[in-house]
Amino acid sequence: MTDESCIMTTVRAAINGTTTSTLFGGHGRAFEVPEGHRVTIVNTFGTQVVDMWSIVRGDGSEYLSLAHTHVHAARLTPRAGDELWSNRRRPILRFEVDTSPGVHDALLAACDRERYALLGHVGYHRNCTDNFKQACTEADVPYRTVPDPFNLFQNTPVEEDERIGAEIGQTKPGDFVTFLALCDLYVVLSACPMDMNPINGSKVSDVEVTVHQDHEVR
Ligand SMILES: [Zn+2]
């Protein structure tokens, strides 16, 4: 068994032994992840973008900051093995496993109702910013602002001329990522409802989310 298949088997076994939640396409949800626990996000059908935020439990003013992560990871886009830093300059998550091609976005803001209006949509359109607010409200998670998210599985490459593209995600069905919580925190996720550019492929789809503890995945 290769290292990668061993990791996948181990993670899947852990998932089978815990409660896995379906995050419905276009919707958001907050998950409590205690220190030492992991959250695994499975891209069940492939190509689905998942916006990810994290807020430190007990202090709604400390949150995952990609700008600070850029400084300390010294990398434009975090990859497996990197730590994700908060706006108080401490690592709060470790990006442990990534079975996808590793194409994610750490630059762009979450979609919001204004984004869809500018694209020509008339009326309300579900969006990741409102999903974040709704998920936090439902789970009683305090927050001071809507931080810029880590856009998992989002293929918005920086081109040679530094233009930013918007292309279909490269994630295959069943690809997953796992993060280890380095302190008590919440992870807030939105299965992005974008259907006015190609980033989600031809459809907005569900993903599976599991909070688990009992395995080593490095
Ligand atoms: Zn979105």
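Here is a chat between a student and a tutor about this predicted model.

Student: Let's get our bearings. How many helices and strands does the protein chain have?

Tutor: Start from the N terminus and follow the elements: they run α-β-β-β-β-α-β-β-α-α-β-β-β-β. Put as a tally, the protein chain has four helices and 10 strands.

Student: Okay, so which strands stand at the edges of the six-strand sheet?

Tutor: That open sheet has the order 1-10-3-8-6-5, with antiparallel pairing. At each edge, a strand has a single partner, so one side is left without a neighbour in the sheet. Those edge strands are strand 1 (20-23) and strand 5 (83-85).

Student: Which strands does strand 8 pair with in the antiparallel sense?

Tutor: Look at the order 1-10-3-8-6-5, where strand 8 sits between 3 and 6. Five bridges join strand 8 to strand 6 (residues 91-98), and Leu93 has Ala181 as its bridge partner in strand 8. On the other side there are six bridges, with Asn43 partnered by Asp175. So the strands are strand 6 and strand 3.

Student: Is strand 8 mostly covered or mostly exposed?

Tutor: Strand 8 spans residues 175-181. Six of its seven residues are buried, and that makes strand 8 mostly covered.

Student: What is the bridge partner of Val42 in strand 10?

Tutor: Strand 3 (residues 38-43) also pairs with strand 10 (residues 207-212). The pairing is antiparallel, over five bridges. Within strand 10, the partner of Val42 is Glu208.

Student: Now the other sheet. Which are its edge strands?

Tutor: This one is an open sheet of four strands, also with antiparallel pairing, and its order is 2-9-4-7. Edge strands here pair on one side only: strand 2 (28-33) and strand 7 (150-152).

Student: And by how many degrees are neighbouring strands of this sheet turned against each other on average?

Tutor: Take the strands of the order 2-9-4-7. With direction ignored, the average turn between neighbours is 25 degrees.

Student: Which helix packs on that sheet?

Tutor: Look for a helix touching strand 2, strand 4 (50-56) and strand 9. Its direction makes about 50 degrees with that of strand 2. The one you want is helix 4 (residues 128-138).

Student: Which residue in strand 9 stands opposite Gly28?

Tutor: Strand 2 and strand 9 pair in the antiparallel sense over six bridges. Opposite Gly28 you'll find Ser190.

Student: Which strand gives the largest share of the largest nonpolar core?

Tutor: That core has 50 residues, and those with the most contacts inside it are Ile41, Val50, Tyr186, Val187 and Val188. Val187 itself, leaving aside neighbours within four places in sequence, is in contact with residues including Phe31, Val39 and Met52. As for the largest share, six residues come from strand 9 (residues 185-191).

Student: Last one: why are the buried residues of helix 2 on the same side?

Tutor: Helix 2 (residues 66-73) has Leu66, Thr69 and Ala73 buried. Ala67 and Val71 are exposed on the other side, while what covers the buried ones includes strand 5 and strand 7. In an α-helix, residues three or four places apart point the same way. The buried residues share a side of helix 2 because they cover an arc of only 50 degrees around the axis.

Terms used:
Residues are numbered from 1 along each chain as its sequence is written. This is a predicted model: local features need pLDDT of at least 70, side-chain atom pairs count only at pLDDT 80 or more; totals for chains, interfaces and linings use all residues. A residue is buried if 20 or more other C-beta atoms lie within 10 Å of its own, exposed if 12 or fewer, and partly exposed in between; C-beta atoms are placed from the backbone. Helices (H or I, at least four residues) and strands (E, at least two) are DSSP runs, numbered from the N terminus. Two strands pair if DSSP finds at least two bridges between them. A nonpolar core is a set of buried Ala, Val, Leu, Ile, Met, Phe, Trp, Tyr and Cys residues joined through C-beta atoms within 7 Å. Two residues are in contact if their C-beta atoms, placed from the backbone, lie within 7 Å. Axes are lines fitted to C-alpha atoms, for helices over the stretch in contact, and angles run from 0 to 180 degrees between N-to-C directions. The arc is that of the directions from the helix axis to the C-beta atoms.
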